[in-house]
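The following exercises concern helix packing, a ligand shell and model confidence. Each task is followed by a solution in steps.

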Amino acid sequence: MKAKLPPGPRLPTLAQSILLRFYWPRFVAACERRYGKAFTLKVTSLGPVVFLADPQDIKEVFTGDQSSYRAGEANAVLRGLLGDNSLLVLDGDAHRDWRRLLSIGLGRDAVARHADMIREVTAANVCSWPLDREFPVARRLEQITLEVILRAVIGATNPARLTELREVIPRILNMHPFATLAVAYPGLRRRLPWRAVSRDFELLDRILLAEIADCRADPDLDARTDALAILVRTAPGNMRGQSITDAELRDQLMTLLVAGHDTTGAALSWTLERLVRNPTVLEEARRAAQHSAAGDPSGDDYLDGLLKESLRIRPVVFNVARVIHRPIELAGYSLPAGITVAPGIGLVHACPELCP
Ligand code: HEM
């Protein structure tokens with residue numbers, strides 16, 4: 001009879017969880033070398049997690065019957081941060097409806113309409129970088145991506161609210177590990193050590209709800225290009241005639257703010273890190289940027305390839321997760337219902353046969 005779960009380290013669950021917490025990519029990559037393309041780690045609060053490194057197995061997870069592979073359930077820990085209606089924590093029909101609606105405001109055309117704004121925000125920030133000394137560039141890049149997301153997603157223009165958003169969002173996303181307990185367990189926010197977290201969430205909710213109210217009442221709603229306006233405008237026709245509530249909108253805005261600016265900020269930071277360590281590629285990138293600015297598409301192609309290669313060798317999201325809802329044959333094992341499978345983006349990217 002086939003074993004139910006792939007092999008994995010015999011260390012106690014707590015030890016495996018600590019290794020994952022502090023050495024995620026290194027620990028997971030070492031397990032792949034030791035146990036092969038499918039292996040099981042034991043994680044506190046999740047139980048066994050089967051990591052997958054074979055593209056065929058991963059394809060099965062992404063293209064198989066999606067009612068059996070539940071992404072929302074695997075992301076449940078994000079509910080305290082993003083809310084119960086966030087696209088990232090939904091499954092089934094609700095996920096499909098919201099995903100379709102959000103795609104309208106975030107598709108290629110919608111993004112293209114923000115190109116000038118993105119250029120302006122980037123230029124203004126880069127022009128303020130010091131030229132005579134070293135400085136931590138990651139924070140500056142996060143400022144750029146946050147500013148872009150605030151304008152593209154919420155269409156925020158009120159200066160007082162923008163200032164508060166620029167302060168409160170990084171505070172929430174960079175909170176101390178101890179403070180994150182109040183995200184996993186929102187009930188803690190009433191207690192003294194976590195009151196500051198509670199105040200930050202209340203402030204952010206107040207601003208988002210004010211933006212939603214202004215948007216719903218905006219006489220120029222039809223002319224707006226931000227994702228919030230597109231959601232408000234197109235919801236009735238795309239959500240089976242249902243209107244959408246402020247709480248639902250708040251949760252989707254939080255999702256886009258968080259999913260959109262941290263990821264892109266980290267991707268840009270790693271790209272600069274790789275470039276300064278590879279002067280030949282940096283020089284080539286400089287030339288490509290000049291070609292691109294002059295309207296030569298070969299410059300765009302080079303920069304596009306450069307960003308994809310940077311995302312390959314420094315993946316911002318190392319793996320995703322799905323809770324399986326019925327027993328499944330995968331990677332040569334009979335996996336029981338209820339366990340989590342984790343397609344290993346970083347593992348596939350580092351596979352020498354696929355990416356020589
Ligand atoms: C370098 C940049 C980015 C990376 C590496 C990245 C990566 C990812 C990954 C790995 C997932 C999970 C997919 C899954 O579980 O199947 C995801 C989901 C998502 N991302 Fe991104 N992302 C990036 C930028 C963005 C931006 C700019 C936005 C929006 C403004 C965004 C919005 C979302 C949303 C809404 C989801 C949930 C999709 C769903 O559940 O259907 N992401 N992203």
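**Exercise 1. Determine which helices each supply at least two residues of the shell around the ligand, and describe that shell.**

Solution. The model is a predicted one.
- Step 1: Two helices, α5 (92–106) and α13 (246–276), each supply at least two residues of the shell.
- Step 2: α13 gives the most to this shell, namely 7 residues.
- Step 3: The shell is then divided by class, which yields 10 nonpolar, 4 polar and 1 charged residues.
- Step 4: Among the 15 residues around the ligand, those that come nearest are Ala-259, Gly-260, Thr-263, Val-317 and Val-320.

**Exercise 2. Classify the mutual orientation of α7 and α8 and characterise their contact.**

Solution.
- Step 1: The axes of helix α7 (residues 115–126) and helix α8 (residues 137–154) come within 10 Å, with a crossing angle of roughly 150°.
- Step 2: Angles over 145 degrees count as roughly antiparallel. The helices α7 and α8 are therefore roughly antiparallel to each other.
- Step 3: The crossing of α7 and α8 is right-handed.
- Step 4: On the α7 side, the contact involves Met-117, Ile-118, Val-121, Thr-122 and Asn-125; on the α8 side, Arg-140, Gln-143, Ile-144, Glu-147, Val-148 and Arg-151.
- Step 5: By class, the residues of the contact of α7 with α8 are 5 nonpolar, 3 polar and 3 charged.

**Exercise 3. Carry out the corresponding analysis for α8 and α9.**

Solution.
- Step 1: The axes of α8 and helix α9 (residues 159–173) come within 11 Å and cross at roughly 125°.
- Step 2: This angle makes α8 oblique to α9.
- Step 3: The crossing of α8 and α9 is right-handed.
- Step 4: Helix α8 contributes Glu-142, Leu-146 and Leu-150 to the contact, while α9 contributes Leu-162, Leu-165, Arg-166, Ile-169 and Pro-170.
- Step 5: The contact of α8 with α9 comprises 6 nonpolar and 2 charged residues, with no polar ones.

**Exercise 4. Establish how α11 is oriented relative to α12 and which residues make the contact.**

Solution.
- Step 1: Helix α11 (residues 195–217) and helix α12 (residues 227–238) have axes that come within 10 Å and cross at roughly 55°.
- Step 2: That angle makes α11 oblique to α12.
- Step 3: α11 passes α12 in a right-handed crossing.
- Step 4: Glu-211, Ile-212, Cys-215 and Arg-216 of α11 make the contact with Leu-228, Ala-229 and Val-232 of α12.
- Step 5: In the contact of α11 with α12, 5 residues are nonpolar, 2 are charged and no residue is polar.

**Exercise 5. State the mean pLDDT of the protein chain and locate where confidence is lowest and highest.**

Solution.
- Step 1: The protein chain has a mean pLDDT of 93, and 99% of its residues reach 70 or more.
- Step 2: Confidence in the chain is lowest in helix α10 (residues 181–184), where the mean is 84.
- Step 3: Confidence is highest in strand β7 (residues 340–343), at 98.

Technical notes: Residues are numbered from 1 along each chain as its sequence is written. This is a predicted model: local features need pLDDT of at least 70, side-chain atom pairs count only at pLDDT 80 or more; totals for chains, interfaces and linings use all residues. Axes are lines fitted to C-alpha atoms, for helices over the stretch in contact, and angles run from 0 to 180 degrees between N-to-C directions. Helices (H or I, at least four residues) and strands (E, at least two) are DSSP runs, numbered from the N terminus. Angles under 35 degrees count as roughly parallel, over 145 as roughly antiparallel, 65 to 115 as roughly perpendicular and the rest as oblique. A crossing is left-handed if the near helix is turned anticlockwise from the far one by less than a right angle, and right-handed if clockwise. Two residues are in contact if their C-beta atoms, placed from the backbone, lie within 7 Å. Ala, Val, Leu, Ile, Met, Phe, Trp, Tyr, Cys and Pro count as nonpolar, Asp, Glu, Lys and Arg as charged, and the others, Gly among them, as polar. A residue is near a molecule or strand if its C-beta atom, placed from the backbone, lies within 6 Å of it. pLDDT is the predictor's confidence in each residue, from 0 to 100.
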